Amino acid sequence: MAKITFITSDEQSITVEGNSGNVMELAVKNKIKGIDGNCGGVCSCATCHVHVLPEYWDKIGAPSELENDMLEFDENISDHSRLSCQIQVTDAIDGVVLKVAK
Amino acid sequence: MKKSAISCPFEKSRLEKGYGEMNDQDDPVVMVLRHKDVRKCAHNWKTFQSGAKPGRIVIPSEVNIRDVRQIPFEVDPPMHGEYRIILEKWFKRPLEESYENELRKQIEALVEVSMVKDSVEVINEFALVLQSRALTLLFNVPFSESETWISWGTHVFRSEETALDSYKANVLYDYIDRQIEKSIAQPGEDFYSKLLAAEVNGKKLTKKEIKGVVILTFAGGRDTVINAITNSIAYFAEHPESIERLRREPELIKFAIEELIRYFSPLTHMGRVVTEDTQICGRAIKADTRISLNWASANRDASVFENADEVVIDRKINPHVAFGFGTHNCLGATHARQIMKVLVQTLIDKVGAIDIFDYEENIENLGEFKRKVGYKNINVKFHKK
Ligand code: HEM
Ligand code: FES
């Protein structure tokens, strides 16, 4: 089981648990505000954009080249941006905190 | 080549130059062809604007047949965002369970009726009907309205062959005026009433603004959805193995939908008006000329998509731009995706083989490029599972 905390744009902090699938799916299942997952997780819509808190960046890791390309022209990109549909839920990311992008 | 195949006419220019050129009513267009350049230009709304003269960013241009500004499509930030705020929630209703259930009832009923017929002309007897009925859900108006919309046929929103046929545009515009007046007299839960009640920056929308939103909702979701549906039927007719696979592994349906939409790219391109002298791939572009963001070409860019010219039904990473990119990304995408999902699920559930009899392709003429976007007509037989 991995515990993942989302901070939404209204500064609410919600911790959820999962052990399979990707982070976008987990967020949608738990109705996390601001994560829509419109494209079903194929890296096309950027409605699953999150900012990883810097202290957890190493746990999550950098995006692939294609993912990076899609983020590149996003209005709200940061140094720690990820598309959450491209992050697998595994024990390796237990405890991370993700800020939902606007 | 298979009947359902859609080839990409832009490949050579995309590789060699990165752009293509076409004329359109003496207002030429430089088409941006590479995935990265398309995204970059879509992002740069200051240099490549949407809020030009109404109709000018559409190709073929509609400046001579329309003066109503389509909203939010022909508006740039920051005003664009103000309009999007009031629309976004409404356009997410397709995710509600009751919406999906109604859509499923509609599509199942249509498929049942179609399977009994010896031959079905998919554009007019299936896709147009499905699209019109489904749109009553998005507008939240009685199902019977779809009969009026179906009676308009597929041409009412087009400006090409029937160029400058203002009679047809007026049918739609007069209809919309009447609906707005009706909802003013008797507000309800329909889209018009919602728009009448909405405020942007503390001000109610004007009738003209409401009209601009409604026209776009009709026009933006008409040919695109009809082609997505029809092309899907043609594809599955020739690829029973894909139906089999999705039947065995329904968790792949979400990937299949995105992949079909990438491959079909029902909206080939969309224009922008250039606000300052600039260049694209070394080609100088003057202020007050037009470029287009060629979604269809970007979606076949081999530097992004492996086997770009094939339908890879379980493609997992698929950063396609068929619904646009950035600021103006498609508001109707949720509705369109739900239609595709329920359609595919219904085909899997109920339909066995599909035979294609005869067909006529619908080819877009874009200067030196000719692109198949779908069919003018295509006759098929749906067999029961
Ligand atoms: C498969 C079907 C569809 C495709 C491929 C498609 C494609 C697109 C594309 C590429 C754009 C971006 C245009 C630009 O950047 O200038 C767009 C915008 C838009 N689409 Fe769609 N569309 C589809 C269905 C629909 C439907 C069903 C509706 C509504 C009923 C709709 C309404 C809109 C609206 C309102 C916009 C403008 C959004 C804005 O300016 O912020 N579309 N669509
Ligand atoms: S869900 Fe669409 S990019 Fe992640």
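Which helix supplies the largest share of the shell around ligand 1? The answer is α9(B), with three residues. This is a predicted model, in which local features need pLDDT of at least 70, side-chain atom pairs count only at pLDDT 80 or more, and totals for chains, interfaces and linings use all residues. Residues are numbered from 1 along each chain as its sequence is written, chains are lettered from A and ligands numbered from 1 in the order in which they are written, and side-chain values use heavy atoms, with hydrogens and water left out.

Turning to the ligand, 27 residues surround ligand 1, and H80(B), R84(B), R272(B), H328(B) and C330(B) come nearest; a residue is near a molecule or strand if one of its heavy atoms lies within 4 Å of it. Helices (H or I, at least four residues) and strands (E, at least two) are DSSP runs, numbered from the N terminus. On that footing, at least two shell residues each come from α3 (79-88), α5 (122-139), α9 (207-220), α10 (223-238), β7 (270-274) and α14 (333-350) of chain B. The shell breaks down into 15 nonpolar, 10 polar and two charged residues, where Ala, Val, Leu, Ile, Met, Phe, Trp, Tyr, Cys and Pro count as nonpolar, Asp, Glu, Lys and Arg as charged, and the others, Gly among them, as polar.

Oxygen atoms of ligand 1 pair up with polar atoms of chain B in several places. A polar side-chain atom of H80(B) sits 2.7 Å from one ligand oxygen, and for R272(B) the corresponding side-chain distance is 2.8 Å. F73(B) takes part through its backbone, with a polar atom 3.4 Å from a ligand oxygen. A polar contact here is a pair of N or O atoms within 3.5 Å; within protein, one must be able to donate a hydrogen and the other to accept it, and residues adjacent in sequence count only if both atoms are side-chain atoms.

R272(B) also has a protein partner: its side chain makes a polar contact with that of S50(B), at 3.3 Å. S50(B) belongs to the loop between β3 (48-49) and α3 of chain B. Because its relative accessible area is 2%, S50(B) counts as buried (under 20%; exposed is over 50%, partly exposed in between, with a 1.4 Å probe and protein chains only). Leaving out residues up to four places away in sequence, S50(B) touches I57(B), F73(B), E74(B), V75(B), D76(B), R272(B) and H328(B), contact meaning heavy atoms within 4.5 Å.

As for the interface, 19 residues of chain B are in contact with 17 of chain A. About 1600 Å² is buried between the two chains, 56% of it from carbon and sulfur atoms; buried area is the accessible area (1.4 Å probe) that two parts lose on being put together, summed over both. On the chain B side, R39(B), H43(B) and I317(B) lose the most area to chain A, together 28% of what that side buries. The rule finds four salt bridges across this interface (a side-chain nitrogen of Lys or Arg within 4 Å of a carboxyl oxygen of Asp or Glu). E72(A) and K36(B) form a salt bridge at 3.2 Å, N to O. There are also eight residue pairs in polar contact across the interface, both residues at pLDDT 80 or more. α2(B) gives the most to the side of chain B that touches chain A, with five residues.
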